[in-house]
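Here is a short briefing on one protein chain. Look at the sequence and the 3D view before reading the points below.

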Amino acid sequence: VMSSYNKIFALSATLISPFAQATTVIPAPPVLENKAFVLMDYDSGKILAESNAHGHLAPASLTKMMTSFLVEQRLLKGQLKEDDQVLMSQNAWCRGTSKESCMYVPLNSYASVLDMLRGIIIQSGNDASEAVAEHLAGSEEAFAELMNGEAKRLGMNDTQFKNATGLTQDGHYTSAYDMATLAHAIIKDSSKYYPIYSEKEFTYNNIKQGNRNALLFTDPTVDGLKTGHTDEAGYCLTASSKRGSMRLISVVMGTPSMQARADQTRALFNWGFSNFETAQIRPKGQELAKPVVWFGQAENVSVGLASDMNVTLARGEKDKLQISLQVPSSLDAPIKQGQEVGKIIATLDGKTVGEQALVALQPVEQAGFFTRMWHGIKRFFANLF
């Protein structure tokens, strides 16, 4: 028996495939001279454009995004404090060659975790990266194992880290898609420290250095993330831009110059924002249905989404979306909070374009023996008619 909850609602869902399903004609993405690129919508995770997205490539200092992310997560969990002091060891110390980026912390001196974090993100300091790696794991090699463990947790399946800096090393690689995935995690899970990625300069040891992300100086909608360059990797940039309520993440790898990585990123952002829109249709935790509960201590249970419902569509397609909310008319206790009890199916022009699970928003414990017996009798006679 299905209840009135099984209706068509003017909602939306994730996992839309704009290229395959939208009726609006979308111009092709820019043709770019690089080894790989990805353009991702932040809210839905939808890839809007890509080339060689999963190819294994040298990441250069894009690597430091994982180094900084691990520091940020430990700060947020209380495993580190911002004013904890980190030693600049002989191994990590930067001698000031023109071939590497440095924070220039003096040998055998200390800098705070927060200063080191800025040195990693803004100045792209190899010395800061190696010093925090030693501080957290005892050695850079051991820290690389932490990096790989976190990469696996995030679903970065085309990544293997060998060091904390991105210096060229056999077996050290990532992909454009994985860098977009990491950028998404930083923005979402390290929001307290994400503003550091937009800081234009940082002075340490009386040496002022500017952020190498040129878009921070020319596009006020860009607020991160990280540049990288080695001879093998070419010029790389992971960036994020927010215009209105829509945020996009761009990754370009293996471009021929600093100017090219900025121009290509700008072109991807302009194309993405011009042709797509993102909308939150329903937030997580909102009651969307309230089916009857049999054999429970409560008569009904609220059903909704475990995460925000977002959709990325070609501009002008949003009003064409329809969603069927599929929930049984009744459920049997016990019901766990978060238990999947139904789904939302998104359709566009009659085609299924995505779906998302519906879950119980609170638990319902099983009722006592006599209540369960009475419910059994009631349901038996209800089913007869």
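Helices (H or I, at least four residues) and strands (E, at least two) are DSSP runs, numbered from the N terminus. With that in hand, H172 can be placed in the loop between helix 5 and helix 6. The model is predicted. The protein holds nine helices and 18 strands.

**The whole protein**

- The C-alpha trace spans about 85 × 50 × 35 Å along its principal axes.
- The protein has 385 residues, and 52% of them count as buried.
- Take contacts between residues at least 6 apart in sequence: 67% of these join residues at least 24 apart.

**Two loop residues between helix 5 and helix 6**

- H172 is buried, because its relative accessible area is 7% and the cut-off for buried is under 20%.
- The side chain of H172 reaches the backbone nitrogen of K162 at 2.8 Å.
- Leaving out residues up to four places away in sequence, H172 touches A58, P59, T63, Q160, F161, K162, N163 and G166.
- H172 and D115 are 57 residues apart in sequence, and their C-alpha atoms are 27 Å apart in space.
- T159 is also found in the loop between helix 5 and helix 6, and helix 6 covers residues 176-189.
- T159 has a relative accessible area of 13%, so T159 is buried.
- Which side chains make polar contacts with the side chain of T159? One is the side chain of T174, at 2.6 Å. Another is the side chain of D178, at 2.7 Å.
- Leaving out residues up to four places away in sequence, T159 touches A151, Y173, T174, S175 and D178.

**Helix 4 against helix 5**

- Helix 4 spans residues 126-137 and helix 5 spans residues 140-154.
- Their axes come within 8 Å and cross at roughly 80°.
- That crossing makes helix 4 roughly perpendicular to helix 5, because angles of 65 to 115 degrees count as roughly perpendicular.
- On the helix 4 side, the contact is made by E130, A133, E134, L136 and A137. On the helix 5 side, they meet E140, A142, F143 and L146.
- The residues of this contact divide into six nonpolar, no polar and three charged.

**Helix 3 and helix 2**

- Helix 3 runs over residues 113-121. Its buried residues are V113, M116, L117, G119, I120 and I121.
- What covers these buried residues includes helix 2 (64-76), helix 4 and strand 8 (222-230). Strand 4 (85-87), strand 5 (110-112) and strand 6 (201-204) are also included.
- Is S68 buried or exposed? S68 counts as buried, at 1% relative accessibility.
- S68 has its place in helix 2.
- S68 touches L117, I120, I121 and Y197, not counting residues up to four places away in sequence.

**A five-stranded sheet**

- One open sheet has five strands in the order 3-2-10-9-8, with antiparallel pairing.
- Strand 3 and strand 8 are the edge strands, and each pairs on one side only.
- Neighbouring strands of this sheet are turned by 5° against each other on average, direction ignored.
- Strand 2 (residues 36-41) and strand 3 (residues 47-51) pair in the antiparallel sense over four bridges. L39 stands opposite A49 in strand 3.
- The hairpin of strand 2 and strand 3 has five residues between the strands. In this hairpin G45 takes a positive phi near 75°.
- Strand 8 and strand 9 (residues 234-243) pair in the antiparallel sense over eight bridges. G224 stands opposite S240 in strand 9.

**Backbone details to look up**

- The peptide bond from G224 to L225 is cis, with omega near 15°. L225 lies in strand 8.
- The peptide bond from A333 to P334 is cis, with omega near 5°. P334 sits in the loop between strand 16 (330-332) and strand 17 (340-348).
- Y104 is not a glycine, yet it has a positive phi of about 70°. Y104 is in the loop between strand 4 and strand 5. Y104 is partly exposed, with a relative accessible area of 25%.
- F295 is not a glycine either, and it has a positive phi of about 65°. F295 is in the loop between strand 12 (292-294) and strand 13 (303-304). At 16% relative accessibility, F295 counts as buried.

Key
Residues are numbered from 1 along each chain as its sequence is written. Side-chain values use heavy atoms; hydrogens and water are left out. Axes are lines fitted to C-alpha atoms, for helices over the stretch in contact, and angles run from 0 to 180 degrees between N-to-C directions. Angles under 35 degrees count as roughly parallel, over 145 as roughly antiparallel, 65 to 115 as roughly perpendicular and the rest as oblique. Contact means heavy atoms within 4.5 Å. Ala, Val, Leu, Ile, Met, Phe, Trp, Tyr, Cys and Pro count as nonpolar, Asp, Glu, Lys and Arg as charged, and the others, Gly among them, as polar. Two strands pair if DSSP finds at least two bridges between them. Buried means under 20% relative accessible area, exposed over 50%, partly exposed in between (1.4 Å probe, protein chains only). A polar contact is a pair of N or O atoms within 3.5 Å; within protein, one must be able to donate a hydrogen and the other to accept it, and residues adjacent in sequence count only if both atoms are side-chain atoms.
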